[in-house]
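I opened a new page for this model. I wanted to know what holds the ligand, and where the backbone does something unusual.

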Amino acid sequence: VPVSASPSHAKYKEIISSLPRIENGWGISQYLHQYQGFWINTNLLEGIIYAQHYLKAQPTDIFICSHPKAGTIWLKALSFAIFTRKLYSNASTNPLFSESPHDVMPFIDVLAFTDIISRDPKLPFLSTHIPYPSLPKSIVECKCKIIYICRDPKDLFTSFWHFSGKLRAASTKTLPLEEAFRDFCEGHYPYGPYWDHVLGYWKASLQFPERILFIKYEDLQNDTFSYVKRMAEFMGCPFSIEEESQGFVQKVVDFCSFERLSNLEVNKSKNPSSSSGFLKIEKKACFRKGKLGDWENYLTAEMAAEIDQITEQKFSSSGLFL
Ligand code: A3P
């Protein structure tokens, strides 16, 4: 169990009440609070403060980190399938056939709201959307591994805007695209600003390349095969020559493809993911199109140019291009 004390929600609420807050149209909670440079939902922030105080990461842990809608569920599926390929040598017994990729690893942002999650000691995975500077200290100090995924901000925005429609209670008003776009540019959405989220992990990955693997969704789409091999090496379980010649790398790629995963019965379900705690996100909502460049169907040329300009400005001296 990765935590060492029961949550003290009253204390967290007191901390949160002292922070700047804004109305939130993206779902999950009425407000977003500015905490350590990022806008976070009220209840998620309680979870994050709890994790910061009590999470005890181990050097053998592997954290799957991302901003929401960057391709988290795909990264979870790939890393899990790679790591467990020997554990479930009969592939049909792999939990990914019967569980959502979200549910095969604890999501630490909601640990404060879940009954103690028992972890399978054979599995190293945990996941989070917490920005790098706010990660619980023990994650950084214990030198465990992190795999981070990011994505073209225009596609991330498009994906997030669609997803927010599923997050908001049916009774609340909708978030028009133009309004969402303004919020996006200003960083006013859960875990925003996106660019700062990416930069935190990017800079850390340059500083600690052996501990942080930084992946772009677009690169992963264009050459999933190479990235599966790279992820296996990074996690310390490289594919052997025999495995490669028997097509194991390709099997992982195929198994985790959008078509394959999104068509599994479990991932078509309207039931919420068990790992999402109070978020109650239906499993089906985690799969939409899985394509590059879908933003072209939603954003005007001006909107796209505005996002590109922010990206260029924010990343100008970082060596990162998205
Ligand atoms: P779209 O909304 O653009 O389709 P996250 O898991 O971080 O919430 O990201 C969700 C995005 O990843 C969605 O993007 C979703 O469709 C896409 N996705 C889910 N599974 C995928 C897969 N196996 N391959 C590629 N993209 C996938």
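Entry 1, backbone contacts. This is a predicted model. I began with the ligand and the main chain. A polar backbone atom of Phe258 is 3.4 Å from a nitrogen atom of the ligand. I then looked up the ligand's oxygen atoms. For Ile73, a backbone N or O atom lies 2.9 Å from an oxygen atom of the ligand. For Ala70, I noted 3.1 Å between a backbone N or O atom and an oxygen atom of the ligand. Next I asked how much of the ligand the protein covers. On its own the ligand has 570 Å² of accessible area, and the protein covers 96% of that.

Entry 2, the shell. How many residues surround the ligand? I found 19. The closest are Thr72, Ser159, Tyr217, Arg288 and Lys289. I sorted the shell by class: nine residues are nonpolar, six are polar and four are charged.

Entry 3, the pocket. I looked up where the ligand sits. The ligand takes up the space of the largest pocket. Three elements give two or more residues to the shell around the ligand: α3 (72-83), α8 (217-222) and α12 (258-262). Which of the elements gives the largest share of that shell? It is α3, with three residues.

I then turned to the pocket itself. Rolling a probe the size of a water molecule over the atoms shows where empty space is left. The largest pocket holds about 890 Å³ of space. I counted 47 residues in its lining, and Lys69, Gly71, Thr72, Ile73 and Cys286 are the closest to its centre. Thr72 is thus on two of my lists: it is among the closest to the ligand and among the closest to the pocket centre.

For the lining, I noted at least two residues each from α3, β5 (125-128), α5 (153-167), α8 and α12. Here α5 gives the most, with six residues. By class, I wrote down 22 nonpolar, 15 polar and 10 charged residues for the lining.

Entry 4, backbone oddities. Most residues other than glycine have a negative phi, and most peptide bonds are trans. I looked for exceptions. The peptide bond between Gly192 and Pro193 is cis, with omega about 0°. I placed Pro193 in the loop between α6 (177-186) and α7 (194-207). Ile28 is not a glycine, and its phi is positive, near 80°. I found Ile28 in the loop between β1 (21-23) and β2 (31-35).

Technical notes:
Residues numbered from 1 in each chain as written. Predicted model: local features only at pLDDT ≥ 70, side-chain atom pairs only at ≥ 80, totals over all residues. Heavy atoms only, no water. Near = heavy atom within 4 Å. Polar contact = N/O pair within 3.5 Å; in protein donor to acceptor, adjacent residues only side chain to side chain. Areas by Shrake-Rupley, 256 points an atom, 1.4 Å probe, with all protein chains shown as cover. 1 Å grid on protein atoms, 1.4 Å probe; cavity = no way out; pocket = protein on both sides within 12 Å on 5 of 7 lines; lining within 4 Å. Sits in = over half its atoms within 2 Å of the grid points. Helix = DSSP H or I, 4+ residues; strand = E, 2+ residues; numbered from the N terminus. Nonpolar A, V, L, I, M, F, W, Y, C, P; charged D, E, K, R; others polar. Points joined across faces, edges and corners; volume = space filled by probe spheres on them.
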